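Trainee: I should like to go through this structure with you. May we begin with the place where the chains meet?

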Amino acid sequence: MMADLLPTIFLLLMGVAVLMYAILDGFDLGIGIILPQNNLQHRNQMIASIGPFWDANETWLVLAVGILLIAFPAAHNIVLRELYLPAVIMLIGLILRGVAFDFRAKAVTRYQSTWDKVFQAGSLTAALSQGFMLGLYVTGFQYSVLTIVFSLLTAIGAAAAYVYIGGAWLVLKTEGELQRYGAKKARQSGWLMALSFIAICIVNPLLNPQVAERWFTLPGALVVFLIPLMCGLIWLIVDQYLRYVPLQEDRACWVPFVGAAFIFTLCLTGFAYSYYPDVIPGQLSADEAASATASLQFVFYGVVIVLPVILAYTLLSYRIFKGKTTELNYY
Amino acid sequence: MDMVNESTLILSRIQFALNISFHILFPTITIALAWFLFYIKVRHHISGHPVWMRVYRFWVKIFALTFAVGVVSGITMSFQFGTNWPGFMEKVGNIAGPLLGYEVLTAFFMEATFLGAMLFGIKRLPPWFHTLSTLLVAVGTSLSAFWILALNSWMQTPQGFEMIDGVAHPTDWWAIIFNPSFPYRLMHMLLASGLTASFLVAGISAYRILKGDEKRAPRVALRIGCFSAAILIPIQIFVGDLHGLNTLKHQPQKVAAMEGVWETERGVPLLLFAIPDQEERTNHWEVAVPNLASLILTHDKDGEIKGLNEFKGEHPPVAPIFYGFRVMVGIGMLMLVSSWIASFWLIRKNALPNWALKTLHWMTFSGWVATLAGWYVTEIGRQPYLVSGVLTTADAATTIPPANVGISLTLYAIVYAVLLYAYIHTLFYMARKSVQVDEITTLNESWHKRSPAVQDDETTLTKAMPTETRQAESSNTAATSSQTESNGGIVS
């Protein structure tokens with residue numbers, strides 16, 4: 001009984017890992033993208049605000065790719081073969097931003113502003129290539145003009161979404177001028193994100209008849225249309241909040257970040273609904289791609305025990321560093 | 001599926017070798033350095049002496065930098081299987097997957113999360129919790145080594161599975177994890193990490209002293225580095241020998257290549273140097289000690305060792321293994337001599353002469369060279385198989401056009417070269433900068449308040465320093481102005 005459910009369980013777990021990654025590494029990639037090159041003090045503060053978290057945030061990507069590798073090796077092979085070059089470019093981006101972050105902080109040399117530029121370029125590269133890969137993934141890896149245009153759209157959408165949640169993070173973690181800067185960037189990118197999401201929602205069913213069928217037949221259609229409705233509502237609240245940042249006594253400064261996280265969750269839910277139970281849209285289902293039951297079971301026990309622990313200490317770490325970021329000082 | 005292109009295969013192999021060689025440099029340091037940091041933190045709890053905290057602060061920065069490069073180059077590794085070696089997951093994914101999964105679940109998150117607390121939490125956390133974070137990071141790095149070496153050892157000496165329709169299925173997880181070569185390889189690697197970190201700590205500290213650092217912290221760190229190296233190296237030689245015997249039992253062709261033995265014979269000499277010639281299937285320019293290889297490997301001076309000719313077409317390329325092994329052993333011997341002499345000197349005279357400091361400075365990254373050489377021996381020694389007897393390397397390769405692999409390989413090579421340069425440069429830069437930091441700026445306030453309780457420790461530590469330093473130290477207690485003055489000389 002459980003053996004039949006295992007592929008679905010791992011598909012769900014992969015979804016959770018991707019969502020955690022998008023929210024958590026999303027905000028620190030976003031921070032990297034909007035790093036102001038003309039203001040050292042702001043840069044220091046922004047870097048300080050993500051310092052304790054970015055390592056662990058990036059680990060969710062390893063888990064997501066890890067689950068793809070462990071549970072659906074056939075899919076892992078296809079995805080990474082088809083996305084070979086974009087994946088390499090994303091990895092180079094992630095490498096550059098990760099090391100730039102540490103080099104700039106550990107040794108304050110005359111190269112610091114260079115490392116900051118590398119950090120920004122790496123963040124932008126990683127965000128764009130992730131969005132680009134998402135576009136190619138949902139269109140079945142067809143390299144045609146239409147799919148490339150669509151993928152460019154998803155690339156912009158992903159980068160905008162990361163800036164959106166990154167700006168929201170600044171609203172939550174900083175004060176004064178920098179907080180207003182974060183709010184401004186979040187608001188601008190919020191519009192860009194909304195526009196590209198609407199475009200994606202229009203183009204996607206046109207490209208994928210299977211998606212169109214899911215979206216426009218009852219009763220599922222009712223649920224599906226709740227998602228954009230709720231997204232729009234939350235987006236509107238956040239947009240209005242960002243307009244007036246900071247509120248008196250900085251009330252409810254968590255609103256934009258939590259709102260952004262909800263929007264990400266809703267979008268991923270909609271995405272999952274469109275393609276379930278395929279692990280590669282239109283090509284391979286979770287059941288077909290799954291590895292041996294004995295292997296999935298062995299990992300499953302580990303996940304049941306360890307994942308709650310991971311979530312617990314992740315929460316603990318965010319509690320330790322709650323409140324406004326103090327100035328950049330190590331140890 | 002298309003035929004695997006020869007160039008794709010070669011380029012993929014070079015790319016994997018480049019990626020994993022670059023990656024392993026950093027975990028090799030952090031696995032052991034995390035334990036050193038924990039030890040330093042515990043010493044600080046016991047004595048309350050601020051010097052331990054200064055040592056900690058300096059080395060935790062280097063740890064963080066090293067860890068970061070390790071993390072990002074490790075992410076690349078998790079993509080490599082799919083991008084370049086799809087056959088690996090197709091055939092043995094049922095076994096490799098869960099082992100990698102457990103590494104991510106039990107180690108990666110723990111390391112990364114508590115690293116945040118360890119680096120940034122010192123003011124926000126109670127001291128015991130901060131030390132606990134350091135411990136959890138250390139446990140995490142070692143657990144990570146546990147799982148990845150379980151997988152690597154399984155690829156060398158696979159067991160606990162059955163083949164169904166050409167795909168490996170697990171039958172006994174305990175047998176898979178604790179496969180015959182695993183305990184030896186794990187110990188060998190952990191000790192290699194200990195030695196690499198020891199020589200790094202000793203080398204950087206020696207460099208600081210050579211650059212005129214009069215403070216106590218680099219001297220404390222120098223002692224830690226030298227003593228731990230002196231303790232670990234004989235254990236490593238012993239474990240390495242056991243590991244070799246285990247290899248002889250399970251992968252005799254690898255040992256034959258390491259020793260350069262072509263024909264099966266008794267009373268095999270130990271080749272100190274030779275140029276193996278795979279075309280002629282013989283060695284040139286042999287410098288040998290009679291019967292010693294037989295004695296080491298079989299504990300009998302006339303013991304029989306199987307030669308490479310028994311495994312024609314099934315044995316690895318000989319030259320890289322033969323040379324790699326000698327590089328590793330040679331550096332091991334250097335480590336033995338240098339760490340014992342340095343430790344002896346430190347025990348007798350409490351300080352090192354300049355030539356010894358310079359030697360240690362030169363040996364800062366010796367652990368890297370030995371570790372890489374050792375890994376080349378064991379990994380090339382597994383060829384032509386990816387998983388011994390189950391899957392050949394050629395069968396696992398991707399069908400991607402070679403041009404794509406060429407592009408990615410070039411990009412990685414450029415990025416890694418820049419990073420390696422920046423990393424080494426930054427380490428020595430940090431060391432030079434720390435020379436100029438006034439001791440007074442890092443002096444812990446509470447230290448003065450609780451001075452009676454730690455008076456003993458003060459004396460023991462002062463004893464361990466040369467006279468000039470003792471004078472510089474005593475001026476710490478004087479007014480700040482005179483402190484700045486006395487340090488002015490050091491800065492210039």
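Trainee: How many residues does the contact take from chain B, and how many from chain A?

Mentor: The contact takes 58 residues from chain B and 53 residues from chain A; two residues are in contact if their C-beta atoms, placed from the backbone, lie within 7 Å. This is a predicted model, in which local features need pLDDT of at least 70 and side-chain atom pairs count only at pLDDT 80 or more, while totals for chains, interfaces and linings use all residues. Residues are numbered from 1 along each chain as its sequence is written, and chains are lettered from A and ligands numbered from 1 in the order in which they are written.

Trainee: Which element supplies the largest share of the side of chain B that touches chain A?

Mentor: That is α3(B), with 22 residues. Elements of chain B that each supply at least two residues there include α2 (50-84) and α14 (402-436). Helices (H or I, at least four residues) and strands (E, at least two) are DSSP runs, numbered from the N terminus.

Trainee: And by class, what does that side of chain B have?

Mentor: It has 36 nonpolar, 18 polar and four charged residues. Ala, Val, Leu, Ile, Met, Phe, Trp, Tyr, Cys and Pro count as nonpolar, Asp, Glu, Lys and Arg as charged, and the others, Gly among them, as polar.

Trainee: β2 (167-170) of chain B also contributes to that side. Which strand is joined to β2(B)?

Mentor: Strand β1 (residues 161-164) of chain B is joined to β2(B) by four bridges, and the two run antiparallel. Strands pair if DSSP finds at least two bridges between them. Phe161(B) has Pro170(B) as its bridge partner. The hairpin has two residues between the strands, and Asp165(B) takes a positive phi near 50 degrees.

Trainee: Changing topic, how many helices and strands has chain A?

Mentor: Chain A has 13 helices and two strands. Its radius of gyration, taken over C-alpha atoms, is 20 Å, close to the 20 Å that the globule rule (2.2 Å times the number of residues to the power 0.38) gives for 331 residues, so chain A is as compact as a globular protein of that length.

Trainee: What percentage of chain A counts as buried?

Mentor: Of its 331 residues, 53% are buried, meaning that 20 or more other C-beta atoms, placed from the backbone, lie within 10 Å of the residue's own.

Trainee: Which residues of α11(A) are buried?

Mentor: Among them are Val255(A), Phe257(A), Ile263(A) and Cys267(A). The buried residues of α11(A) pack against several helices of chain A, including α1 (2-33) and α8 (176-207).

Terms used: A residue is buried if 20 or more other C-beta atoms lie within 10 Å of its own, exposed if 12 or fewer, and partly exposed in between; C-beta atoms are placed from the backbone.
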